[in-house]
Amino acid sequence: MDIEKWVRANIRRLKPYSCARSEFRGEATAYLDANENPMNLPYSRYPDPWQEALKAKIARLKGVRPSQIVVGAGSDEVIDLSIRIFCEPQRDNIVAIDPTYGMYQVCADIHDVEYRRALLNEDFTLDAERLLAATDERTKMIFLCSPNNPTGNLLNRGKMIRIVEGFNGIVVIDEAYVDFSSEASWLTALNRYPNLIVLHTFSKAWGLAAVRCGMAFASEEIIGYFNKVKYPYNINLLTQNFVGEQIENESRKNEWVARLLARRIRLAAQLETVPSIEAVYPSDANFLLVKTRDANGIYRRLVEAGIIVRNRNSVSLCRDCLRITVGTPDENEALVLALLDMDGVSPSSVMQRP
């Protein structure tokens with residue numbers, strides 16, 4: 001695949017901004033190039049624009065090469081960058097599954113790029129042929145979120161392969177919740193599919209949502225365009241250092257994931273006993289999608305009780321559904337007790353479930 005033909009012409013021609021640190025690698029005896037205040041080191045110096053130390057750690061963690069990584073201020077930045085690189089405003093279009101993560105459409109709208117929805121099946125499974133039928137000669141990108149948000153389920157890998165191999169353009173697979181899944185990451189397929197971009201984040205399993213650090217993995221050619229377009233110092237020094245330190249403690253992340261998976265099982269079992277909840281859908285993520293008798297009413301009463309969930313009632317295929325994050329044991333218990341109280345049910349038998 002000729003990736004370059006999918007890149008916007010002005011991006012191909014773009015001469016990127018050359019920041020002070022991009023012209024010099026290594027250590028110098030005097031830094032007099034960037035008009036920095038020499039006091040208050042190390043914070044008075046601009047951070048490494050290429051995040052080389054952090055990328056080296058991410059590469060070891062993920063089993064890829066540093067040259068296959070771009071780091072962003074959350075996955076939202078790399079989503080925005082990918083659309084900026086490949087999609088011509090008012091001309092090209094993007095196709096994504098529906099329902100899915102809302103930022104794909106927000107970023108498309110910001111760039112004035114048509115956003116097309118390919119509806120999932122009623123059971124939230126992927127219809128590859130329906131999605132491919134929604135594409136045309138102006139479709140530059142397809143977005144697939146797996147495990148999907150808000151449905152929580154993994155997309156069928158065979159059908160995803162059908163899309164990656166059958167689409168002559170860029171396919172973005174968002175794996176924000178992959179650590180909670182039993183299926184292997186698509187990172188192992190990067191060298192097989194040059195049109196593939198895989199998104200990961202430190203916000204979920206790593207518990208670093210406030211830090212804002214996401215990643216895109218792709219071929220060196222695609223990453224080259226990311227580096228060309230991104231702002232020079234998009235990841236500050238505090239984030240680079242802190243995330244690098246956290247990566248050294250992968251065992252703690254794995255322990256957190258194990259705890260959350262056990263809590264997810266327990267919470268799902270308890271929610272299934274709540275009369276106003278009609279279905280608890282299977283999940284491969286750290287949240288549950290539940291169908292209720294009255295999502296709007298239950299949501300309002302939960303807010304009044306100080307319990308915040310996500311009302312997905314207006315989302316395709318999710319009528320009367322709430323999305324519930326697996327929280328601490330106390331948070332999960334407060335939620336279930338509040339729901340039982342709404343239904344006038346004694347909590348004793350429910351809360352004792354294993």
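This passage describes the cysteines, salt bridges and pockets of a predicted model.

We can begin with the cysteines. The disulfide count is zero, and two residues illustrate this outcome. Cysteine 107 has cysteine 87 as the partner with the closest sulfur, yet the two sulfurs are 11 Å apart, which is too far for a bond. A disulfide would need the pair of sulfur atoms to lie within 2.5 Å. Cysteine 145 is likewise in no disulfide, its nearest cysteine sulfur being that of cysteine 318, 13 Å away. As for solvent contact, cysteine 107 is buried, at a relative accessible area of 2%, and cysteine 145 is buried with a value of 2%.

Charged side chains offer a richer picture, with a count of 15 salt bridges. Side chains of opposite charge can pair when their charged atoms come close. One of these bridges joins arginine 65 to glutamate 220, with 3.2 Å between the closest N and O atoms. This pair ties together distant parts of the chain, 155 residues apart: arginine 65 sits in the loop between α2 (52–62) and β1 (69–72), while glutamate 220 belongs to helix α7 (residues 220–229). Both ends of the bridge have some access to solvent: arginine 65 is partly exposed, at 38% relative accessible area, and glutamate 220 is partly exposed, at 43%.

A second bridge pairs aspartate 136 with arginine 116, and here the closest N and O atoms are 2.8 Å apart. The residues are 20 positions apart and again link distant parts of the chain, with aspartate 136 in the loop between α5 (128–133) and β4 (139–145) and arginine 116 in strand β3 (residues 114–119). Aspartate 136 is partly exposed, its relative accessible area being 29%.

A helical example comes from glutamate 255 and arginine 259, whose side chains meet in a salt bridge at 2.6 Å, N to O. Both residues lie in helix α9 (residues 250–271), and their spacing of four residues is about one turn of the helix. Glutamate 255 is partly exposed, with 40% relative accessible area, and arginine 259 also counts as partly exposed, at 41%. Salt bridges also join into a network, one that links Asp92, Arg138 and Lys140.

Turning to the pockets, the largest holds about 630 Å³ of space. It is lined by 30 residues, and those closest to its centre are Tyr101, Asn149, Tyr177, Lys204 and Arg323. Helix and strand elements both contribute to this lining, with at least two residues each from α3 (75–86), β2 (93–98), β3 and β11 (321–325). Strand β3 is also the element that holds arginine 116 of the bridge to aspartate 136. By class, the lining of the largest pocket comprises 10 nonpolar, 11 polar and nine charged residues.

The second largest pocket has about 550 Å³ of space. Its lining has 23 residues, of which Arg21, Glu27, Tyr46, Pro47 and Asp48 are the closest to the centre. Two elements, α2 and α8 (237–247), give two or more residues to this lining. The most comes from α8, which supplies five residues. Sorted by class, the lining of the second largest pocket has 10 nonpolar, five polar and eight charged residues.

Key: Residues are numbered from 1 along each chain as its sequence is written. This is a predicted model: local features need pLDDT of at least 70, side-chain atom pairs count only at pLDDT 80 or more; totals for chains, interfaces and linings use all residues. Side-chain values use heavy atoms; hydrogens and water are left out. Buried means under 20% relative accessible area, exposed over 50%, partly exposed in between (1.4 Å probe, protein chains only). A salt bridge is a side-chain nitrogen of Lys or Arg within 4 Å of a carboxyl oxygen of Asp or Glu. On a 1 Å grid over the protein atoms alone, a cavity is a set of points where a 1.4 Å probe fits but cannot get out, and a pocket is an open set with protein on both sides within 12 Å along at least five of seven lines; lining residues have an atom within 4 Å of a point. Grid points are joined across faces, edges and corners, and a volume is the space filled by probe spheres set on the points. Ala, Val, Leu, Ile, Met, Phe, Trp, Tyr, Cys and Pro count as nonpolar, Asp, Glu, Lys and Arg as charged, and the others, Gly among them, as polar.
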